[in-house]
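Thanks for asking me to look this one over. Here are my notes, in numbered points, to read alongside the structure.

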Amino acid sequence: MSAAWWQEGVIYQVYPRSFQDTDGDGVGDLKGIEARLDYLVDLGVDAIWISPIYPSPMADFGYDVADYCDVDPRFGTLAEFDRLLAAAHDKNIRVLLDFVPNHSSSRHLWFLASKSSRTNPKRDWYIWRDPAPGGGPPNNWISDFGGSAWEWDESTGQYYLHAFLKEQPDLNWRNPAVREAMYDVLRFWFARGVDGFRIDVLWHLIKAEGLPDNPPNPAYHAGMGEMHRVQQLHSTDQPEVLAIAEEMRKIADSCGERVLIGEIYLPLERLMHYYGRDVAGVHLPFNFQLLEAPWKAEVLARMIAEYEAALPSGGWPNWVLGNHDRPRIAARIGEAQARVAAVLLLTLRGTPTIYYGDELGLGHVEIPAAWVQDPRELREPGLGLGRDPVRTPMPWDATPNGGFSTAVPWLPLCSDFADRNVARLEQVPGSMLTLYRQLLALRRAHSALSIGTFALLDASSAAPDVLAYERRHGDERLLIALNLGSTPRELALPAWAHDARRLLSTVESGDSRFGSGTETGTRVVLGADEGLVLAPSFAPEV
Ligand code: NOJ
């Protein structure tokens, strides 16, 4: 059976507020994404996932949706979306939207109706409860952004549930009318031609019957977000949510080759349930392990092996290095290792998702206090939870505002944008951008890297700090060796890789050694922070 596009392909996350502004308001827009499609083609990605573009009061920057079937005027119009979709498809780029089913905006007409009276037909579309017998919120659930997850509504004398901001009331997915309305949203966008969805906080959709208190978290300490005071045992990951994932999958499958990606932060074993039980669930439950894993060869080797082993039969793997909620990879492990991480992301088995700007090596961007926008930071300041530093404008060139906008952008650019920008980095051999382009081209040229099997190299032959593995498809066999340390390391090669050619190195700069590469002999020396892709010398050059 041939692989589906979402198995072979590479996904690129666009944070639309920060990609390209064309109307001079300091906020990116759909026309801006369209204008940059050729960049994405040259980069070599296959699909973009665009974070929410729907009408929204922007309390949580689009994750508070006021109308699921339209486009926020800040981003453009439905007609502009259709144009972007058609232009992307013309260039063979698939487009995924962000589906935010757990909660709407408190300004959504559904919530306004629900809140208007206890007898409104939409009352039960959200989760309303009386105060606890002694007064106060109905239970001890805590919002992911800190504080009680319950908000008191004076006019109807009940509390409503919000797992995030009070401006993001949770929908009641136990109500069949809610399900149907939300499934209609999927159908609406599928009919327009979108290729799939990333599903926001999929594991949150169903809460335990009776809404019992969550147990305290013994590992909680000040310095963590307040949400960690309790374990989200009853507020998330209920068995009934899997039936919803299966229903969404049926809708997606009835529309052709579409993809559903579930945002799910859960331990491995629970994550795997979202692939589905007897019936298929989401195609790709996001695998976020690389976002937090200690950057050590033996830890990563174990993590990859456990993930591979845990996959259900037919379950396709996926890997993520960054997103709009978590620190940038270059900020976490430094730029030299971020290059190694790029090789890892793009040579592991499974669909990779690249976060915009990681291909430029964007690191932590300092946000002056007066500029802070993220409600997460504003509500629990100083804990390092703020997400503004990873949502800053894409630096396209060295002109004022980095070519992102003619106006002052909504968040500052990285301070080194005069050097770290697309126009410059694409001219620099060996830059992060060049490396990403080479990796993506290599992946396209060698199906072993996209759909091949995966095997870790016998740990006993691996040097300390070295993570090495094989990808194989048909006659093609490639070896990937990554030095996660800053000391050169020597690696004994398996017999099949003796006298291998270097197809790519993170520390060479597109010079004569690239591609035609020196041969290795029976061992290879990896320089400090070096990642290598090797091919047996008898393999045809691509
Ligand atoms: C997860 C999203 O990625 C995050 O940005 C958002 O704040 C929450 N879900 C709430 O929708």
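The points below go through the sheets, the helices that pack on them, and a few loop residues.

1. A word on the source comes before the details. This is a predicted model, so please read the values here as computed from its coordinates.

2. Let me begin with the parallel sheet. It is an open sheet of 8 strands, in the order S9-S8-S7-S3-S2-S1-S11-S10, and the pairing is parallel. At the edges stand S9 (284-285) and S10 (318-320). Each has a single partner strand, so one side of each is left without a neighbour in the sheet.

3. Strand S2 is a good place to look into this sheet. S2 covers residues 47-50, and its side chains alternate: Ala47 and Trp49 point one way, whereas Ile48 and Ile50 point the other way. Are these four residues buried or exposed? All of them are buried.

4. The partners of S2 can be followed bridge by bridge. Strand S1 (residues 11-14) runs parallel to S2 and is joined to it by 4 bridges, with Gln13 opposite Trp49. Strand S3 (residues 94-99) is also parallel to S2, again through 4 bridges, and here Ala47 stands opposite Arg94. Between S2 and S3 the chain passes through H4, and this β-α-β crossover is right-handed.

5. The sheet can also be followed from S1 to S11. Strand S11 (residues 351-355) runs parallel to S1, and 3 bridges join the two. One pair to display is Ile11 with its bridge partner in S11, Thr353.

6. Helix H4 deserves a point of its own. H4 lies across S2 and S3, running at about 140 degrees to S3. H4 (residues 78-90) also approaches helix H6 (residues 176-192): their axes come within 10 Å and cross at roughly 55 degrees. That crossing makes H4 oblique to H6.

7. Which residues make the contact of H4 with H6? From H4 they are Leu78, Phe81, Asp82 and Leu85, which meet Phe188, Trp189 and Arg192 of H6. By type, the residues of this contact divide into 5 nonpolar, no polar and 2 charged.

8. Now to the antiparallel sheet. This open sheet has 5 strands, with antiparallel pairing and the order S12-S13-S14-S18-S16. Why is one side of S12 (453-456) and of S16 (501-505) left without a neighbour in the sheet? Both stand at the edges, and each has a single partner strand. From one strand to the next, the twist averages 25 degrees.

9. Within this sheet, I would inspect the pairing of S14 with S18. Strand S14 (residues 476-483) and strand S18 (residues 531-535) run antiparallel and are joined by 4 bridges. Ile480 stands opposite Val533 in S18.

10. Two helices lie across strands of the antiparallel sheet. Helix H10 (residues 297-310) lies across S12 and S13 (466-473), at about 35 degrees to S13. Helix H12 (residues 335-347) lies across S13, S14, S16 and S18, and runs at about 155 degrees to S14.

11. Asp46 is worth a look among the loop residues. Asp46 sits in the loop between helix H3 (37-43) and S2. With 19% relative accessibility, Asp46 counts as buried, the cut-off being under 20%. Asp46 and Val10 are 36 residues apart in sequence, yet their C-alpha atoms are 5.2 Å apart in space. Leaving aside neighbours within four places in sequence, Asp46 is in contact with Gly9, Val10, Asn92, Ile93, Arg94 and Arg444.

12. Two aspartates have backbone angles you may want to check. Asp465, in the loop between S12 and S13, has a phi near 75 degrees, a positive value in a residue other than glycine. Asp499, in the loop between S15 (489-492) and S16, has a positive phi too, near 55 degrees. Asp465 counts as partly exposed at 27% relative accessibility, and Asp499 is partly exposed with a relative accessible area of 36%.

13. My last point concerns Gly210, found in the loop between S7 (196-199) and helix H7 (240-253). Gly210 is exposed, with a relative accessible area of 67%. Its C-alpha atom is separated by 9.4 Å from that of His234, a residue 24 places away along the chain.

How values were computed:
Residues numbered from 1 in each chain as written. Predicted model: local features only at pLDDT ≥ 70, side-chain atom pairs only at ≥ 80, totals over all residues. Heavy atoms only, no water. Axes fitted to C-alpha atoms, helices over the stretch in contact; angles between N-to-C directions. Parallel < 35°, antiparallel > 145°, perpendicular 65-115°, else oblique. Contact = heavy atoms within 4.5 Å. Nonpolar A, V, L, I, M, F, W, Y, C, P; charged D, E, K, R; others polar. Buried < 20%, exposed > 50% of the residue type's maximum accessible area, 1.4 Å probe, protein only. Pairing = 2+ DSSP bridges. Right-handed = clockwise from strand over helix to strand, strands pointing away.
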